[in-house]
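Subject: Structure handover

Hello,

The structure you asked about is below. My notes on what turned up in it follow.

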Amino acid sequence: MLAVVSLSACSASSTKDNSSSDKSFKESVSLQSQSESKSLSQSRSISQSESIASQSASMSIVKSESESRSIAESSASMADSISKSNALASSSQEAAIALERNSQDTETTTASDPNSRTVYVVNNGTTNVYWYSQTAIHPIPKNPVISMTEGEALAQGLHHSKTE
């Protein structure tokens with residue numbers, strides 16, 4: 001009987017050991033599962049951080065490309081404005097040269113024949129003086145101003161105005 005009690009005590013002891021071993025195994029599995037869960041959570045967090053960083057870098061690149069395009073368009077616009085300005089300056093210089101040549105031609109004609117120059121006489125030509133420019137006549141005349149050549153004015157006994 002002692003053998004049966006001892007066997008039964010052994011078997012009870014072994015059952016207790018098995019249940020404690022099962023409990024310890026379950027705790028170990030639970031801890032391992034929690035550890036894996038934490039690891040997976042950290043992995044997701046890292047993955048999200050990397051995704052955000054990647055999106056941020058992409059947005060930064062897009063913004064910089066946009067700014068580059070804007071600068072390029074601005075440069076092209078400025079270059080176009082400068083070329084238009086240069087073209088206007090060139091045409092302005094050409095016009096000034098043409099005007100100067102025209103003026104020289106007029107002076108040459110006037111210098112060669114002073115009697116052919118146009119003069120202006122106030123009061124329908126009844127005054128004793130004449131002017132080379134209508135804008136030089138002061139005070140502004142109330143009667144009509146007529147134009148004639150300087151030779152005609154001299155033939156009528158007129159002389160050049162002292163105030164012009």
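A cut-off comes before the notes: a residue is called buried under 20% relative accessible area, exposed over 50%, and partly exposed in between. N123, at 27% relative accessibility, therefore counts as partly exposed. Please keep in mind throughout that this is a predicted model.

Overall layout

The chain holds 2 helices and 4 strands. Along the sequence they run α-β-β-β-α-β. There are 164 residues, and 9% of them count as buried. The accessible surface of the chain is about 13000 Å². Carbon and sulfur atoms account for 54% of that surface. Take the contacts between residues at least 6 apart in sequence: 56% of these join residues at least 24 apart.

The nonpolar core

Which residues make up the largest nonpolar core? There are 6 in all: V119, V121, Y130, M148, A153 and L158. L158 also has contacts with residues outside that list. Leaving out residues up to four places away in sequence, L158 touches V121, T127, N128, V129, Y130 and A153.

Y130, Y132 and their partners

Searching the whole structure gives 1 aromatic pair. The pair is Y130 with Y132, and the ring centres are 5.9 Å apart. The ring planes meet at 80 degrees, so this is an edge-to-face pair; the cut-off for that class is over 60 degrees.

Are the two tyrosines buried or partly exposed? Y130 has 3% relative accessibility, so Y130 counts as buried. Y132 has 28%, so Y132 counts as partly exposed. R117 lies over the face of Y132, 4.2 Å from the ring centre.

E150 is worth a look alongside them. E150 sits in helix α2, which covers residues 150-155. With a relative accessible area of 7%, E150 is buried. Its side chain makes a polar contact of 2.9 Å with the side chain of Y130. Not counting neighbours within four places in sequence, E150 is in contact with P114, N115, R117, V119, Y130 and Y132. That list takes in both rings of the aromatic pair. It also includes R117, the residue over the face of Y132.

S161, after β4

S161 is in the segment that follows β4 (159-160). Its relative accessible area is 6%, so S161 is buried. The side chains of S161 and T163 make a polar contact at 2.9 Å. Setting aside residues up to four places away in sequence, S161 touches V129, Y130 and W131. Y130 thus turns up among the contacts of L158, E150 and S161.

Backbone points to check

Most residues other than glycine have a negative phi, and most peptide bonds are trans. Three places in this model go the other way.

- N123 is not a glycine, yet has a positive phi of about 55 degrees. N123 lies in the loop between β1 (118-121) and β2.
- N124 is also not a glycine and has a positive phi, near 55 degrees. N124 is found in the loop between β1 and β2. At 48% relative accessibility, N124 counts as partly exposed.
- H138 and P139 are joined by a cis peptide bond, with omega about -10 degrees. P139 is in the loop between β2 (129-130) and β3 (146-149).

One more residue from the loop between β2 and β3 is I140. Is I140 buried or exposed? The relative accessibility is 72%, so I140 counts as exposed. How far apart are I140 and V122 in sequence and in space? They are 18 residues apart in sequence, and 9.5 Å apart in space, C-alpha to C-alpha.

Where to start

I would open the view on Y130. From there you can follow the edge-to-face pair with Y132, the polar contact with E150 and the core that includes L158. Then go to the loops, for N123 and N124 with positive phi and for the cis bond between H138 and P139.

Best wishes

Methods:
Residues are numbered from 1 along each chain as its sequence is written. This is a predicted model: local features need pLDDT of at least 70, side-chain atom pairs count only at pLDDT 80 or more; totals for chains, interfaces and linings use all residues. Side-chain values use heavy atoms; hydrogens and water are left out. Rings of Phe, Tyr and Trp (its six-membered ring) pair if their centres lie within 6.5 Å; planes under 30 degrees apart count as stacked, over 60 as edge-to-face and the rest as tilted. Buried means under 20% relative accessible area, exposed over 50%, partly exposed in between (1.4 Å probe, protein chains only). A charge sits over a ring if NZ of Lys or CZ of Arg is within 6 Å of the ring centre and within 35 degrees of the ring normal. A nonpolar core is a set of buried Ala, Val, Leu, Ile, Met, Phe, Trp, Tyr and Cys residues joined through side-chain atoms within 4.5 Å. Contact means heavy atoms within 4.5 Å. A polar contact is a pair of N or O atoms within 3.5 Å; within protein, one must be able to donate a hydrogen and the other to accept it, and residues adjacent in sequence count only if both atoms are side-chain atoms. Accessible areas come from the Shrake-Rupley method with a 1.4 Å probe; for residues, only the protein chains shown count as cover.
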